[in-house]
Every structure is written in structure tokens, then in C-alpha cells.
Amino acid sequence: MQNPVIILGAQELGIAALDTFQSNDVVVYCFLDDKVALQQQEVNEITVMGNTEDENFLKLIGKKCDVFVAAEDMAARKSLVNMLKEDYKVVPVNGIHRFSYVSEHAWLGHGNLVQAGAIVNPNAKVGDSCVIGARALVDSNAVIEDHVQLGAGAIINAGVTVAEGAFIGTGAVVVSGVKIGKNARVGAGAVVVADVAAKQTVFGNPAKAV
């Protein structure tokens, strides 16, 4: 049986992570969040015990509890993951919703959130600390690098590469073979038919830079 999980972050992403773990009957021990207004409050019946630097709870990680990083900001997620690796010698666990599908022939790193209805097909590769939104598709031989976020219903077709830190909006479609650059952003509903450069933002059908 999996250990209880401490979730770092009690806002939208943390709530999604809570739902994902509870769908598999995994106990969530508590939230930790740096937003003072949330501390000592209950979020969906789970208490926010303190902030993400509270050693009273962090010292449990790797011993009595596992950990999942659900900070809303990508830079904050990276910082927390690095802190866990360096100070506590642990990596976050994956949260894979009971009603998602991840092929046994797909490869997942650590600390990923795969929400309800999402599909990761055979020979797809997903790095670390990615968010795969509800009903999103990562098709065969696609490569999703670290810290990528796919919005609900996004479709990443076969052979696509999405580089580190990229954001793919809700309902966007990336056609087969396209490369999305590091820290690029694809708007909701966009249809991407050509490569997107690093840090570029694209919208529309077909998607164009803005």
C-alpha cells in the first residue's frame, strides 16, 4: 500500500491532485501552502497544516509519507522539487487518476499529475513534474519533457515533442511530428501545424505567433 501523501500546494492544482490520489484510495495526510489565508483551514476536508518550509511535516517525507508538488507557479514547482531532492533525498510521486489510462509501454518520470480521462499511449515519454489535464491525449511516440502543462482536452499527436516548461492550452491540437520549443505557450483551442520556437506564444487555427 502506498504511504500517505503530503501535497505541497492547496489551490487549484492541489485540489486536482487530492482528487487523483483519493480516486485510488490513497490517504492524503495534509496540505502545505504558503498562502497564509489557507493555513489551518480545510480544503475539501483536508487541513492545510502549514507552509512548504515547515520542517515538522517535511521531515516525515521519505519516512512515513510520500510527497506531491502542486504549486501553481512553474518556477515554484521547480524550486520545491529541487529542495526535496537536495535536502530530503526524495522525489515526488506520480498522481495517476483511477479513470485515466497510461499504457504499460509508456514511460513516466516523477511527480506527474495525470487527471481523469487523460490518455498516455504506448511508447510515449513523459518527463518529471508534468500536468496532463483531464481528457488530454499524449499519443504514441510523443515526448513530453519536464515541467510541461497540458490543458484539459489537449491533443498531442504521435511523434510530437513538447520541450521543457511549455504550456499547451485547453483543447489545443498539436499535429504529428511538430516540435514545441522550451517555455513556449499554445493558446486554448489552437491547432498547431508547424514548429513553435522557444518562448513563442501562438494562437488560432492554424496557430500563428502573437
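Author: Two strands pair if DSSP finds at least two bridges between them. The model discussed here is predicted.

Reader: How many bridges join strand E1 to E2, and do the strands run parallel or antiparallel?

Author: Strand E1 covers residues 5-8, and strand E2 covers residues 28-32. One of the bridge partnerships between them places Ile-6 opposite Cys-30 of E2. E1 and E2 run parallel, and the number of bridges that join them is four.

Reader: What is the handedness of the β-α-β unit made by E1, H1 and E2?

Author: Helix H1 comprises residues 12-23. Together with strands E1 and E2, helix H1 makes a β-α-β unit, and its handedness is right-handed.

Reader: Which residue in E4 is the bridge partner of Phe-31?

Author: Strand E2 is also joined to strand E4, residues 46-50, by two bridges, and these strands run parallel. In E4, Phe-31 has as its bridge partner Val-48.

Reader: How many of the five residues of strand E2 are buried?

Author: A residue counts as buried when its relative accessible area is under 20%. Cys-30, with 0% relative accessibility, meets that criterion. Strand E2 is largely enclosed by the rest of the structure, because the number of its five residues that are buried is four.

Reader: How many disulfides does a search of the whole structure find?

Author: A disulfide is a covalent bond between the sulfur atoms of two cysteines. Here the criterion is a pair of cysteine sulfur atoms within 2.5 Å. The cysteine sulfur closest to that of Cys-30 belongs to Cys-65 and is 7.2 Å away, which is too far for a bond. Across the whole structure, the number of disulfides found is zero.

Reader: Is Cys-65 buried or exposed?

Author: Cys-65 takes part in no disulfide, the nearest cysteine sulfur being that of Cys-30 at 7.2 Å. The relative accessible area of Cys-65 is 2%, so this residue is classed as buried.

Reader: How many residues apart in sequence are the parts that the pair of Phe-21 and Phe-68 ties together?

Author: The count of aromatic pairs is one. Phe-21 and Phe-68 form this pair edge-to-face, with 5.7 Å centre to centre and 75° between the planes. Both rings belong to buried residues: Phe-21 has a relative accessible area of 3%, and Phe-68 has one of 2%. Because Phe-21 lies in helix H1 and Phe-68 in strand E5 (residues 66-69), the separation in sequence is 47 residues.

Reader: Which ring does the charged end of Arg-185 sit over?

Author: The charged end of Lys-125 sits over the ring of Trp-107, 5.1 Å from its centre. For Arg-185, the charged end lies 4.6 Å from the centre of the ring it sits over, that of Phe-167.

Key: Residues numbered from 1 in each chain as written. Predicted model: local features only at pLDDT ≥ 70, side-chain atom pairs only at ≥ 80, totals over all residues. Heavy atoms only, no water. Buried < 20%, exposed > 50% of the residue type's maximum accessible area, 1.4 Å probe, protein only. Phe/Tyr/Trp six-rings, centres within 6.5 Å; stacked < 30°, edge-to-face > 60°. Lys NZ or Arg CZ within 6 Å of the ring centre and 35° of its normal. Right-handed = clockwise from strand over helix to strand, strands pointing away.
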